[in-house]
2 protein chains.
Amino acid sequence: MTSSKIEILAKAAECFMEQGFHATSIDDVARRLGSTKGRIYHHYASKTDLFFEVHREGMARLFAAVEPACAVDGDALTVLRAMLRAHARAMLDNHTFENVVAQGVQLHRFGLGPTTDPQRRTLSELIASRDAFEGLFKRQAAAARQAGLLAELDISIAVKTMLGALQWSLFWYRPEADRSPEARDVLAEQMVTTIIEGLRPRAMG
Amino acid sequence: MTSSKIEILAKAAECFMEQGFHATSIDDVARRLGSTKGRIYHHYASKTDLFFEVHREGMARLFAAVEPACAVDGDALTVLRAMLRAHARAMLDNHTFENVVAQGVQLHRFGLGPTTDPQRRTLSELIASRDAFEGLFKRQAAAARQAGLLAELDISIAVKTMLGALQWSLFWYRPEADRSPEARDVLAEQMVTTIIEGLRPRAMG
DNA sequence: GTCTATATGGTGATAGAC
DNA sequence: GTCTATCACCATATAGAC
């Protein structure tokens, strides 16, 4: 990917996050790039394609963050915890792109309106990729539960609840408020601890 | 509020949830009502005003569900749990309206674009109301923690994480899939248990 | 109270200069 | 590879009939 295309993606992600897909005009993105829309249409065939590329990049970053955590040493719960931490951290680090991913999921849920067949296929692939991502956590949670390391919960609901807790940071996290990498680590750890340990105090650590 | 206005609000909420504020045209809402936009503009001055009324109704339903739970008998953690359960249940019951509330928060976060001063004031009030709602949980969590019933967590982060876990149901819950009130009770209870107890098993119930 | 026009402005996408 | 100019379309909102 050329640096020009990446730059366009990043600015487009900002616009899509702030205004949403429909309210973002190609002129908005061009204005933020300091250019005109000719530049954008040279690299991307349509606004929809541009949006999907942002979505794809957001999913790629999630996998890149979580997959290494799947391979850490330790029992099944330790691995799950590492995965959640990586996910939390990735949501904070890639706040803009992941906001667009969430929008893409909604777009798919309710139908995308007038789009071409290839575009529909692309979106379906992206959604399948998201399901696979959630599947990583479900599988790991199931393994942890089988090892007796997890409470007896409905795995599907528990995973949706856990991931939701992390993903809701899309709505309240403000990356612009001078967040150092260390501060993001602390924040991610606090969220994950809340999820894993729950609200009630433990008799023994 | 006349029944005509309520009917318009309900259909508008559906459209706003499915397509988002900007992608929803007044003609879309009118089509879903089986009428024309003349009817809508007779009751609401603008699309923005219509959106805000949906948002307001969504917040009203949240308060109506959670405030009674604030007054239940029991220790501070029992009350908190009742509040979370009521909130979870309300998110499922009012899925459509609460989706619009979440959109309204985003609209406020990034600026609403070209709107009138009264509209900006209305949105600010709605956001203040949402902050007050979150405050109910923060205050209760602080009380529970002071009573030694809560783990030593950052209250603000823990509350955001808890509420996020429940609110993320906006993205995956499908109310159309024949959900009885009992099924929603079970689902709400599963989510709340996951939050309160955490993922790790407890030595003693 | 609801409908049928219609005025007005903005948007996605293209064509062709440079 | 980027810009300017332009077309065709759609949406908000209003005016006025009924």
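**Two α3 helices at a DNA strand, and the A–B interface**

Mentor: In this predicted model, α3 (37–43) of chain A and α3 (37–43) of chain B each supply at least two residues of the surface near DNA strand C. The largest share of that surface, four residues, comes from α3(B).

Trainee: What makes a residue count as near DNA strand C, and which residues are the closest?

Mentor: One heavy atom of the residue has to lie within 4 Å of the strand, and 13 residues surround DNA strand C, the closest being A:Ile26, A:Lys37, A:Tyr41, A:Lys47 and B:Thr36. Among the strand's own atoms within 4 Å of the protein, 62% belong to sugar or phosphate, while the rest belong to bases.

Trainee: Why is the approach of the side chain of A:Tyr41 to a phosphate oxygen of DNA strand C called a polar contact?

Mentor: The cut-off for a pair of N or O atoms is 3.5 Å, and an N or O atom in the side chain of A:Tyr41 is 3.0 Å from a phosphate oxygen of the strand, so the pair qualifies. By the same limit, the side chain of B:His43 qualifies with an N or O atom 3.1 Å from a phosphate oxygen, and A:Thr24 qualifies through a backbone N or O atom at 3.3 Å.

Trainee: What is the make-up by class of the surface near DNA strand C?

Mentor: That surface has two nonpolar, eight polar and three charged residues. Because Lys is classed as charged and Thr as polar, A:Lys37 and A:Lys47 fall under charged and B:Thr36 under polar.

Trainee: Turning to the two protein chains, how do you know that the side chains of B:Arg200 and A:Glu197 meet in a salt bridge?

Mentor: The rule asks for a side-chain nitrogen of Lys or Arg within 4 Å of a carboxyl oxygen of Asp or Glu, and here the N to O distance is 2.4 Å, so the pair meets the rule. The count between chain A and chain B is two salt bridges. The side of chain A that touches chain B draws two or more residues from each of several elements, including α1 (3–19), α5 (76–93) and α10 (181–197) of chain A.

Trainee: How many residues are in contact between the chains, and how much area is buried?

Mentor: Chain A has 49 residues in contact with 49 of chain B, and about 4500 Å² is buried between them, 64% of it from carbon and sulfur atoms. A:Trp168, A:Leu199 and A:Arg200 supply 18% of the area that chain A buries against chain B, more than any other three residues.

Key. Residues are numbered from 1 along each chain as its sequence is written. Chains are lettered from A and ligands numbered from 1 in the order in which they are written. This is a predicted model: local features need pLDDT of at least 70, side-chain atom pairs count only at pLDDT 80 or more; totals for chains, interfaces and linings use all residues. Side-chain values use heavy atoms; hydrogens and water are left out. Contact means heavy atoms within 4.5 Å. Buried area is the accessible area (1.4 Å probe) that two parts lose on being put together, summed over both. A polar contact is a pair of N or O atoms within 3.5 Å; within protein, one must be able to donate a hydrogen and the other to accept it, and residues adjacent in sequence count only if both atoms are side-chain atoms.
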